[in-house]
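Here's a friendly walk through the inside of a protein model. Have a look at the picture first, and then we'll go through it piece by piece.

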Amino acid sequence: MENQRPSWTSRGTFILAAVGSAVGLGNIWRFPYIMGQNGGAIFLVIYLLIIMTICFVPLVAELSTGKITQKECIGAFESVNPKFKFIGALNPITGILIISFYFVVGGWILNYICLGFSKCGISDYGNYFTQFTQAPVANCLYTLIFLFICMFFTARGIKKGIEFANNVLMPLFALILIFLIISSLQLPNAHLGLEYMFKPDFSKINPHMFLVALGQALFTLSIGMGALFTYGSYIKEDSSIAKSAYTIIFSDTFFALLAGIMIFPAIFSFGLQPDSGAGLVFVTLPYIFAQIPNGNLVSILFFFLLAAAAITSGISMLEVSAAVFTERFKLSRIKACVLLFFLISLLAIPATLSFGILGDMKIIGKTVFEFLDFITSNLLMPLNTFFVCILAGWFLKIKGETFLKNKFFAKVFDIGLKYAVPAILLGLLYIGLK
């Protein structure tokens, strides 16, 4: 049965899918506002340092573990020791929990695309955003539509679904992003935004920035949620893990930088604040679009861009659980996706309603949406990454010399995999749960 597992048609399609998994809301929505809240260019310096060094280790470990075991998450851990299968089960659980709040944001994006086509005149986008997120029927409907779109591609399988979606959406994503960057750079005082991004003020540096940068890097690379683990299990024997990892990191970082170049010049051009938080995309940018030539078209293109990024990432997270259901429980891919649709809906609907009629329902003092975000970002993703490093370094005994020709860097990789990165992740867990 092992040779009947699906696989990528080529290394290029795997890279495109892996980049599609990594490049999502974490780049276009989350990275600019996190950077804006943490000192601009100095945060970028720290982020680049971390993502190019520390994150390489767990990324290689996750891809390698999937490639070596050729099993879904639970089966991979179970193949090392039957007692470990519950640890592997944390990956699909994490993916489902992330999807349950991630797709709420996907629903918001679909609404803003429709808003652009409707050409409704809105003067107060802050008030509009609040009213929309509190509207139970419309908000839930958009969330379920977004879930259905991602589930449709997942149900079609590797070649007809995931590869097709990434082959179409990722190039389109890049073209729209380039168009928006050109439009942003032509705005008055755009150079101020570029200075904010690329002229670091080292006096602003603090330890908190390192923790935020590491958390953002893990989130944006899809490390610790099982997506790259599962994608790695579809890799053919002749694919280079190290080259693939470098390509994923470079591409993900490149798109994050492009997102910043698109957003910050526009923010400074209109005298707005770069540290306005999560509302940067849904409140600040529509205000900007309303004041520039052909702003309605630009708005539609931007949110279509955001939807494409969210869909490719959403598909990768769905594939983690789909692989478990099809391989472990022997369900057809269609049945697995139908089951997932209803399971995720049970969590996504309360998360959606937590901005309105369920706003008073708290879990450890947090709304359902906030709780799902907290438990995945602060606990499950770092914990899953820790376990993958331990499995790869101590049980599968993956060595740096397998990927790296330079003996020094190979030794550094080994130390990082077995000791340094797990220790850093435990520190992140401790601080994140305080």
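## Charges over rings

Let's start with Lys-366: its charged end sits over the ring of Phe-374, 4.8 Å from the ring's centre. Something similar turns up at Trp-394, whose ring has the charged end of Lys-418 over it, 4.1 Å from the centre. Keep in mind as you look around that this is a predicted model.

## Rings next to rings

How many aromatic pairs does the structure hold? There are 33 of them. Take Tyr-128 and Phe-132: their ring centres are 6.5 Å apart and the planes meet at 10°, so this pair is stacked. Both residues belong to helix α7, which covers residues 125-133. They're four residues apart there, or about one turn of the helix. Are these two buried or exposed? Tyr-128 has 18% relative accessibility and counts as buried, and Phe-132 is buried too, at 7%.

Now try Phe-325 and Phe-329, an aromatic pair that is tilted, with 5.9 Å from centre to centre and 45° between the planes. Phe-325 counts as buried at 15% relative accessibility, whereas Phe-329, at 47%, counts as partly exposed.

Ring pairs also link up into a cluster, and Tyr-128 and Phe-132 are among its members. Others in that cluster include Phe-101, Trp-108, Tyr-112, Phe-129 and Tyr-142. Phe-282, Phe-302 and Phe-303 are part of the cluster as well.

## The nonpolar core

Those last three names come back here. The largest nonpolar core has 156 residues, and Phe-173, Phe-282, Phe-302, Phe-303 and Leu-306 are the ones that touch the most other members.

What is Leu-306 in contact with, once you leave aside its neighbours within four places in sequence? The list is Leu-25, Ile-28, Trp-29, Ile-109, Val-281 and Phe-282. So Phe-282 shows up in the ring cluster, among the core residues that touch the most other members, and as a contact of Leu-306.

## Empty spaces

Rolling a probe the size of a water molecule over the atoms shows where empty space is left. In this model there are two cavities of 30 Å³ or more, and the largest has a volume of about 120 Å³. It is lined by 13 residues, of which Leu-180, Ser-184, Met-262, Ala-266 and Phe-289 are the closest to its centre.

Which helices supply at least two residues each of that lining? They are α9 (157-185), α13 (241-269), α14 (284-289) and α15 (295-327).

Notes. Residues numbered from 1 in each chain as written. Predicted model: local features only at pLDDT ≥ 70, side-chain atom pairs only at ≥ 80, totals over all residues. Heavy atoms only, no water. Core = buried A, V, L, I, M, F, W, Y, C linked by side-chain atoms within 4.5 Å. Buried < 20%, exposed > 50% of the residue type's maximum accessible area, 1.4 Å probe, protein only. Contact = heavy atoms within 4.5 Å. Phe/Tyr/Trp six-rings, centres within 6.5 Å; stacked < 30°, edge-to-face > 60°. Lys NZ or Arg CZ within 6 Å of the ring centre and 35° of its normal. 1 Å grid on protein atoms, 1.4 Å probe; cavity = no way out; pocket = protein on both sides within 12 Å on 5 of 7 lines; lining within 4 Å. Points joined across faces, edges and corners; volume = space filled by probe spheres on them.
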